[in-house]
Amino acid sequence: MADPDQADKPHPIKHVAIIMDGNGRWAQQRNKPRVFGHKSGVQSVRRAVRYAGQLGIQALTLYAFSSENWRRPEAEVGVLMELFMTVLTSEVKRLHKNNVRLRIIGDISRFSDKLQHKIREAEAKTADNKGLLLNIAANYGGRWDVVDTAKRLAQQVKNGELDVNDIDETMFTNATCLAGVPDPDLMIRTGGDHRISNFLIWQAAYTEFYFTDTLWPDFDETVFEQAIQSFMQRERRFGCTGEQVQGTDA
Ligand code: IPE
Ligand code: IPE
Ligand code: MG
């Protein structure tokens, strides 16, 4: 198997986003507490990262904790926070070795100082890596991203640094937390639900969706490959006609 940084041919898919759903149900099916599912899901994260790296995909964005997930029972949220901390500690070395650049997207100010420090440390350690860009969305909400971007641009206008008429879609995109990363080509959601749950609502305007009933702890290379094969069979038209896209228009 090739190392992630040795994938030489660019993959037609530049960016994959995944809504990692179904941990709780996976655990419940085994008569275990929900948090057992979250812990088991870490193995699927490793598999997804490894496979994306092997394929030579540029960016993988994983939805780990939404801005709405604070509504869950305190005990579950607590375990999830502990899990972030342990996983960050244990995985960074491996990610670094595999040339992965790690970034956390979302409002991290709500996390403990210790966790924020860990996040910054992990990002700094891997900042110069040239392999896969791994974005972990934590306390992320698409609406938060849009509002946060609007606020920062408004502040620049207020400061006289920016003309309001210069704000366009490109500028807005380049001010969101995925600035510089191509929009996701493919978004996978595990766990059987067909919704976006406030994930990359701005960036997913033309993303192809793939839904699978597989619960996140069971997600593996086979399911990932099925999603990719499904994507490959689709025609992305971006508002044009099929003839235009195929170059057969008169
Ligand atoms: C996804 O699994 C992980 C998080 C949202 C943190 P869930 O915990 O939502 O699992 P289900 O959907 O309840 O099975
Ligand atoms: C989406 O899953 C968020 C993450 C996977 C982190 P949820 O389980 O929170 O989504 P809903 O509540 O079913 O829409
Ligand atoms: Mg869920």
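How do the residues of the shell around ligand 1 divide into nonpolar, polar and charged? In this predicted model, the shell around ligand 1 divides into 3 nonpolar, 5 polar and 4 charged residues. The residues that surround ligand 1 are Met20, Asp21, Gly22, Asn23, Gly24, Arg25, Arg34, His38, Ala64, Asn69, Arg72 and Leu80. With regard to secondary structure, α1 and α2, the latter spanning residues 34–55, each supply at least two residues of this shell, and the greatest contribution is that of α1, which gives 3 residues.

Three side chains of the shell can be described through their distances to oxygen atoms of ligand 1. A polar side-chain atom of Asp21 lies 2.8 Å from an oxygen atom of ligand 1, and for Arg25 the corresponding distance between a polar side-chain atom and an oxygen atom of ligand 1 is 2.7 Å. In the case of Arg34, an N or O atom of the side chain is found 2.8 Å from an oxygen atom of ligand 1. On its own, ligand 1 has 380 Å² of accessible area, of which the protein covers 88%. Within the protein itself, the side chains of Asp21 and Arg25 also make a polar contact with each other, at 3.3 Å.

A second ligand was examined in the same way. Ligand 2 is surrounded by Ile19, Met20, Asp21, Tyr63, Ala64, Phe65, Asn69, Arg72, Arg189, Arg195 and Ser197, and by class this shell comprises 5 nonpolar, 2 polar and 4 charged residues. Strand β2 provides the largest share of the shell around ligand 2, namely 3 residues. A polar side-chain atom of Ser197 is placed 2.6 Å from an oxygen atom of ligand 2, while a polar side-chain atom of Asp21 lies 3.2 Å from an oxygen atom of this ligand. For Arg189, the distance from an N or O atom of the side chain to an oxygen atom of ligand 2 is 3.3 Å. Taken alone, ligand 2 exposes 390 Å², and the protein buries 78% of that area.

Asp21, which is listed in the shell of ligand 1 and in that of ligand 2, also appears in the annotation. An unreviewed UniProt entry assigns the feature "active site" to Asp21 and Asn69. Although these positions are spread over 49 residues of sequence, they cluster in space, with a largest C-alpha distance of 12.0 Å. Asp21 occupies the loop between β1 (15–19) and α1 (23–29), whereas Asn69 is located in the loop between β2 (59–66) and α3 (74–97). Asp21 counts as buried because its relative accessibility is 17%, a value below the 20% cut-off. Asn69 likewise counts as buried, because its relative accessibility is 17%. When residues up to four places away in sequence are not counted, Asp21 touches Arg189, Thr190, Gly191, Asp193, Thr214, Leu215 and Trp216.

A further feature of the unreviewed UniProt entry, "binding site", is placed at Asp21 and Glu208. Glu208 is situated in strand β6, which runs over residues 208–211, and it is classed as buried because its relative accessible area is 17%. Leaving aside neighbours within four places in sequence, the contacts of Glu208 are with Asp185, Leu186, Met187, Phe231, Arg234 and Arg236.

The description can be completed with Thr61, a residue of strand β2, the strand that also gives the largest share of the shell around ligand 2. Thr61 is buried, because its relative accessible area is 0%. Two polar contacts involve its side chain: one joins the side chains of Thr61 and His15 at 2.7 Å, and another joins the side chains of Thr61 and Asn135 at 3.0 Å. Apart from neighbours within four places in sequence, Thr61 is in contact with His15, Val16, Ala17, Ile18, Ile105, Asn135, Leu178, Phe199 and Leu200; the list thus includes both partners of these polar contacts, His15 and Asn135.

Terms used:
Residues numbered from 1 in each chain as written. Chains lettered and ligands numbered in written order. Predicted model: local features only at pLDDT ≥ 70, side-chain atom pairs only at ≥ 80, totals over all residues. Heavy atoms only, no water. UniProt positions renumbered as here; feature names shortened; annotations may be inferred. Helix = DSSP H or I, 4+ residues; strand = E, 2+ residues; numbered from the N terminus. Buried < 20%, exposed > 50% of the residue type's maximum accessible area, 1.4 Å probe, protein only. Contact = heavy atoms within 4.5 Å. Near = heavy atom within 4 Å. Polar contact = N/O pair within 3.5 Å; in protein donor to acceptor, adjacent residues only side chain to side chain. Areas by Shrake-Rupley, 256 points an atom, 1.4 Å probe, with all protein chains shown as cover. Nonpolar A, V, L, I, M, F, W, Y, C, P; charged D, E, K, R; others polar.
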